[in-house]
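Biologist: Before we use any terms for this model, could we look at it together and ask what each term rests on?

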Amino acid sequence: MDQSSNPPMHLCHVNRLTIFVNRTYTLIHSIALSFLLYYRASFFFSFHDTKTPILPWLLVFAAELLLSFEWLLTQAFRWRPVSRTVFPERLPEDDKLPAVDVFICTADPEKEPPVLVMNTVISAMALDYPPEKLHVYLSDDGGADVTLNGMREAWRFAKWWIPFCKRYKIKCRSPKAYFSAAKDEGEDGNYGGSDFIQERQTVKEKYEVFEEIIREYTRHGDTGSSKRRDHSALIEVIQKNSSDDAFEVTEAKNMPLLVYVSREKRPSHAHHFKAGALNALLRVSSVISNSPFILGLDCDMYCNDPSSARQAMCFHLDPKLSPSLAFVQFPQKFHNTSKNDIYDRQLRSIFSVLWQGFDGLQGPGMCGTGYYIKRLSLYGSPLNKEDHKDPIELRQSFGLSNEFIKSLLGNYKANAKMAQIAETQQLASCTYEDGTKWGEEAGFLYASVAEDFFTGFAGLHCKGWDSVYCDPPRPQFLGSCTTNLNDLLVLATRSSSGGLDVAISKYCPLIYGPPKMSFLESMCYAYLAIFPICDFFSLWCFATIPQLCLLNGITLYPQVSNSYFLIFYFVFLSSVSRHLYEVLMTRASLQEWINEQRIWMMRAITSCFYGSLDAFMKKIGMREASFFLTNKVDDIEQLKRYNMGVFDFQTSTLFLAPMASLVILNMASFCVGIVRVIFLGELEKMFIQVFISFYVVVMNYPIIEGMLIRKDSGRIPTSITLLSALSSIIFYILGSIIFM
Ligand SMILES: O=c1ccn([C@@H]2O[C@H](COP(=O)(O)OP(=O)(O)O[C@H]3O[C@H](CO)[C@@H](O)[C@H](O)[C@H]3O)[C@@H](O)[C@H]2O)c(=O)[nH]1
Ligand SMILES: [Mn+2]
């Protein structure tokens with residue numbers, strides 16, 4: 001295709017003003033930071049008879065150093081942010097489009113309700129793409145009958161749903177979301193015509209029946225809790241059966257292929273969580289459809305717009321980009337975030353700031369869901385596609401299946417009938433990967449529980465692949481986010497641990513990355529891997545050391561009249577206003593800024609800490625890797641609170657106690673500080689320390705409210721408040737003895 005004569009299928013916009021603002025800010029802020037660090041360091045070289053003990057000084061210095069380092073890494077994201085526009089109408093004819101396999105993963109029908117999973121499956125089947133080129137696979141790690149039966153029902157319902165969506169150009173392709181949207185929510189398919197109204201009613205009734213059948217299976221069927229870790233492989237192509245008489249052969253042609261895959265799992269074998277499931281899907285699909293592109297979706301993330309495949313092809317089919325392009329990433333957005341998003345679940349900073357910045361370098365990291373990836377990229381580097389064709393070598397890397405090896409060699413005729421043969425079952429067995437490179441060099445990689453992050457980094461970008469980020473105005477995919485504090489903290493602990501798995505391995509981005517990718521890209525990855533350590537260490541220090549010193553009458557910061565005071569003042573204001581600026585520039589509110597600051601503190605103190613601990617314990621062999629599934633069933637009470645903007649503190653003591661203890665310590669030091677200011681006239685000396693306590697207390701007001709004011713079941717239990725008060729007293733006594 002001669003690109004010069006065709007209009008481009010996509011455009012990349014570089015906002016020069018943003019780049020100028022960002023780089024100027026980086027320069028000015030880093031000068032201020034250098035002065036601040038100089039002030040700290042000079043303490044050790046001056047011989048004035050200061051009464052300040054060394055240990056606390058050292059600790060805040062270390063915290064400031066780490067936080068400055070983290071800040072420096074994040075500047076890579078601000079270096080060259082870009083945004084993109086696509087023109088799917090300029091794509092070649094349908095018969096020239098490449099085939100797409102959709103991979104959806106589910107693992108547990110109790111935590112991931114089958115109705116929700118099936119809606120994702122149906123929405124993927126209804127993508128606007130030639131149906132003979134679309135193949136939808138569901139990986140069921142739970143091996144549950146209800147999921148398999150659900151798939152059969154989903155296929156039956158899709159016969160009604162897909163033609164309806166196509167005829168009336170319905171945008172939201174998840175039937176549940178479509179039928180439950182408020183009438184005034186948009187014109188999605190609302191043509192007002194009587195045909196439309198009638199057909200909509202028919203399909204709605206079919207949907208209700210479908211949902212009822214699934215619920216019935218869930219109530220009475222086997223949810224397979226006993227089988228979750230122990231079941232054999234089962235692969236089934238879902239198709240017409242005798243009860244579907246009315247279904248014409250021609251109609252079948254309008255339906256994409258639907259395949260259920262439950263890989264074999266045995267307690268004696270490591271199954272590597274989602275990455276393991278995806279690798280099994282890669283192999284099984286390679287003999288059934290072997291599409292060159294794959295859409296990866298989590299089971300709770302439905303297609304909110306049918307055009308994502310075409311949008312992604314605007315990049316994948318661009319001859320300039322495509323040789324090295326591994327994947328197109330869409331943002332993770334959620335249908336259930338509330339306006340006052342107290343748990344910062346919309347991930348604004350990641351998907352409105354960081355990923356744009358990543359995109360201006362070598363491309364964004366992988367997010368585990370909502371990406372269109374080139375199958376080949378998971379098998380090796382873009383450069384040596386042609387070597388590696390030696391079948392013996394291929395068998396060593398990819399295992400012994402001849403069919404699979406043939407699929408790698410080109411001109412392979414994949415076929416749905418392959419689902420029934422023993423070799424395909426073998427591809428989904430738990431021993432297939434023994435002695436191969438699966439999970440180490442091939443497919444999705446196993447070394448971290450954040451398989452998406454690690455595969456994007458070591459498996460793709462480090463091998464020379466690129467990626468692009470596509471964030472069109474209408475969200476292409478919508479997921480359901482966690483709406484309570486407990487799930488948020490559990491999830492953040494897992495992702496902290498996953499990032500650190502990488503940081504403390506031989507793949508540490510700052511060491512492993514630079515020879516293979518641009519330094520700025522490595523900085524982005526380094527930030528994502530090490531921020532848990534930086535955050536937890538520095539925030540624990542900032543929440544305790546200045547306060548302990550204040551309680552003991554020790555000054556840690558320059559006096560108001562000292563010129564270095566201005567430096568500290570500037571650094572604080574500049575960081576805070578920078579954050580506020582970004583929040584407002586991405587059309588979020590002041591409330592969002594407060595929520596993000598608060599959740600950042602809460603996460604740092606708890607999840608980042610436990611996540612780091614977990615990663616280190618795994619490293620020294622004291623713990624096994626684990627993947628806590630997040631719960632996709634909302635508790636009504638908790639959901640109500642989330643929507644009202646009220647924190648729900650029903651979570652583990654391990655999470656609550658540290659947060660509550662630190663807030664109590666800060667309240668105490670603030671009160672003592674005020675007393676010192678009034679009665680001892682220490683405003684000059686102690687201003688910054690009193691201010692820090694004040695800031696912590698104000699930002700964490702919901703915790704105080706949860707301890708002292710609220711009476712509902714979402715409050716912090718009195719026993720935990722007492723425990724926390726006790727531990728802050730012990731901390732104060734011990735701290736005073738050790739540090740002062
Ligand atoms: O053994 C497992 C565990 C999980 N999953 C699936 O993995 C997906 C993600 O699990 P979830 O509990 O929803 O985790 P999240 O924290 O929401 O997932 C984020 O983090 C994961 C790990 O980094 C990424 O894979 C996801 O795409 C990303 O959305 C779900 O579809 C699960 O069914 C499996 O298939 N097998
Ligand atoms: Mn999820």
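Modeller: What follows is a conversation about a ligand site and two pairs of helices.

Modeller: This is a predicted model, in which local features need pLDDT of at least 70, side-chain atom pairs count only at pLDDT 80 or more, and totals for chains, interfaces and linings use all residues. Residues are numbered from 1 along each chain as its sequence is written, chains are lettered from A and ligands numbered from 1 in the order in which they are written, and side-chain values use heavy atoms, with hydrogens and water left out.

Biologist: Which residues surround ligand 1, and what makes a residue near a molecule?

Modeller: A residue is near if one of its heavy atoms lies within 4 Å of the molecule, and 23 residues surround ligand 1, the closest being Cys-105, Asp-141, Lys-274, Glu-451 and Lys-632.

Biologist: What makes the pair formed by Asp-452 and ligand 1 a polar contact?

Modeller: A polar contact is a pair of N or O atoms within 3.5 Å, and a polar side-chain atom of Asp-452 lies 2.9 Å from an oxygen atom of ligand 1, so the pair qualifies. A side-chain N or O atom of Arg-494 is 3.0 Å from an oxygen atom of the ligand, while for Thr-630 a polar backbone atom is 2.9 Å from a ligand oxygen.

Biologist: How much of ligand 1 does the protein bury?

Modeller: Taken alone, ligand 1 exposes 680 Å², of which the protein buries 92%, where accessible areas come from the Shrake-Rupley method with a 1.4 Å probe.

Biologist: Why are α21 and α23 called roughly perpendicular?

Modeller: Angles run from 0 to 180 degrees between N-to-C directions, along axes fitted to C-alpha atoms, and 65 to 115 degrees counts as roughly perpendicular. The axes of α21 (residues 653-680) and α23 (residues 701-709) come within 10 Å and cross at roughly 95°, and therefore the two helices are roughly perpendicular to each other. Their contact (heavy atoms within 4.5 Å) includes Met-659 of α21 and Leu-708 of α23.

Biologist: Why, then, is α4 called roughly antiparallel to α6?

Modeller: Angles over 145 degrees count as roughly antiparallel, and the axes of α4 (residues 145-168) and α6 (residues 194-220) come within 10 Å and cross at roughly 170°, which means that α4 is roughly antiparallel to α6. Among the residues that make this contact are Trp-160 of α4 and Phe-210 of α6.

Technical notes. A polar contact is a pair of N or O atoms within 3.5 Å; within protein, one must be able to donate a hydrogen and the other to accept it, and residues adjacent in sequence count only if both atoms are side-chain atoms. Helices (H or I, at least four residues) and strands (E, at least two) are DSSP runs, numbered from the N terminus. Angles under 35 degrees count as roughly parallel, over 145 as roughly antiparallel, 65 to 115 as roughly perpendicular and the rest as oblique.
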